[in-house]
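Trainee: May we go through this model together? I should like to understand the reasoning behind each label.

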Amino acid sequence: MAAATTTTKAEKIRVAVTKLDEISENEKAGCISLVSRYLSGEAEQIEWSKIQTPTDEVVVPYDTLAPAPEDLNEMKALLDKLVVLKLNGGLGTTMGCTGPKSVIEVRNGFTFLDLIVIQIESLNKKYGCDVPLLLMNSFNTHDDTQKVGASLYQFLFKGNSEYWDSHACIMTSPLKIVEKYSNSNINIHTFNQSQYPRIVAEDFLPLPSKGQTGKDGWYPPGHGDVFPSLNNSGKLDTLLSQGKEYVFVANSDNLGAIVDIKILNHLINNQNEYCMEVTPKTLADVKGGTLISYEGRVQLLEIAQVPDEHVNEFKSIEKFKIFNTNNLWVNLKAIKRLVEAEALKMEIIPNPKEVDGVKVLQLETAAGAAIRFFEKAIGINVPRSRFLPVKATSDLLLVQSDLYTLVDGYVIRNPARVKPSNPSIELGPEFKKVASFLARFKSIPSIVELDSLKVSGDVSFGSGIVLKGNVTIAAKSGVKLEIPDGAVLENKDINGPEDL
């Protein structure tokens, strides 16, 4: 009976999705396939006893990689095989912004997108190579990504253009990305990831077929969709025809995800079709996916796949010592082969939501889970510096402080910081939105010697402040607490002006 119900549901969704005119035939087919797989319950159960810790051949220590070639012509030949792809589908809503997260100002007036472009521009100039930039947008970010901020335009071309509104976190310049860089040493391509209909939980029909045809009726199905979307957009064939061999995929908000020629050199020399950068876990990363050896193949293990009785073991940094940074290097021909064979059947992540009181389901996949389908797939255990995501304003405080400097678009850690780890920073809800965060700092404090900072309540900071050791600042309810200009706070608990 259950099998019959599943078949009925699958057929109903197939018929309903086929009738949706807003999406392409490829998107319809992808959605139907994903829902059918979900309904069939094909998810493989991990047998805990079969999990093995990967060897150094499977997860290669970064320090053992051969040095990059010194000859400039060899470097150029290597880089000419590379494409950089940034996952640009995320919105900045968690930081109080409207529009793509990649257009939030990070440092010195530059956005994530500005820094990415400057990095690749300088790489192409230095080696005379042609590394293109691809941006995978979602339907949520596509229109705004086609606009660019004045900061970078003025930096590269000294033109006159409107400056973007940092408080709204969306750009106001009308220039299109591709047009803007037509005279620069970088080729930028954009393409959209798939747009799938949200599924109504009650009857398993697409929400748009019930009249919800606006944006709320749709969703982007996770970054695992990067592979079919790259192919469906025609960009994959174009890149292959240009002699490109590898794509470096990373989140646009990870400031540490920069081109590494040693990694590229290793993959080409060893014919590895897929590489995931992993880095040692800290207590802040215990929920992150890890790499395991499983039945002879390297595989990503996510916390959602872990049986309840083993969750604490999974979170342990003793047994599972590394986690996925989502910096991925993938062979383009291999992507083509596997997409055309419909072989990339990554684990499905059900994501329940609610739209106008209606319970809906989003089915998503992750790009890291594709590792087990590629030949000679490996992980590389990279330094922590290659994982510098900005997920909240507490991260923004780190990268805007004297803990980092900016060189050619690269965010470089200050060598004056003795401790290998960054300070732990917790900011209260008053700092959650970028506009509120910026309004509460006359200038970002010096934190080179800071171990931890906790701030709660109505607190604002003057200029030239130095924070050292462990600092806690908690304004009492209804009290506005201002940290004065030039204050030096070392191992302090501050609850009011009398504690300063």
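Mentor: The following exchange sets each value against its definition. This is a predicted model, in which local features need pLDDT of at least 70, side-chain atom pairs count only at pLDDT 80 or more, and totals for chains, interfaces and linings use all residues. Residues are numbered from 1 along each chain as its sequence is written, and side-chain values use heavy atoms, with hydrogens and water left out.

Trainee: Why is the pair of Phe248 and Trp329 called stacked?

Mentor: Rings of Phe, Tyr and Trp (its six-membered ring) pair if their centres lie within 6.5 Å; planes under 30 degrees apart count as stacked, over 60 as edge-to-face and the rest as tilted. Phe248 and Trp329 are 4.2 Å apart centre to centre, with 20° between the planes, so this pair meets both conditions for stacking. Phe248 lies in strand 11 (residues 246–251) and Trp329 in strand 15 (residues 322–331), so the pair ties together parts that are 81 residues apart in sequence. Strands here are DSSP runs of E with at least two residues, and helices are runs of H or I with at least four, numbered from the N terminus.

Trainee: Are Phe248 and Trp329 buried or exposed?

Mentor: Both Phe248 and Trp329 are buried. Buried means under 20% relative accessible area, exposed over 50%, and partly exposed in between (1.4 Å probe, protein chains only).

Trainee: What makes Arg440 a charge over the ring of Phe431?

Mentor: The rule asks for NZ of Lys or CZ of Arg within 6 Å of the ring centre and within 35 degrees of the ring normal. The charged end of Arg440 sits over the ring of Phe431, 5.4 Å from its centre, so the distance condition is met. Lys281 likewise lies over the face of Phe314, at 4.7 Å from the ring centre.

Trainee: How do you know that strand 12 and strand 18 pair?

Mentor: Two strands pair if DSSP finds at least two bridges between them. Four bridges join strand 12 (residues 274–280) to strand 18 (residues 378–381), so they qualify as a pair. These two strands run parallel, and Met276 has Gly379 as its bridge partner in strand 18.

Trainee: Why are strand 2 and strand 7 at the edges of the sheet?

Mentor: Eight strands form an open sheet in the order 2-18-12-15-11-3-6-7, with mixed pairing. Strand 2 (59–61) and strand 7 (188–192) each have a single partner strand, so one side of each is left without a neighbour in the sheet.
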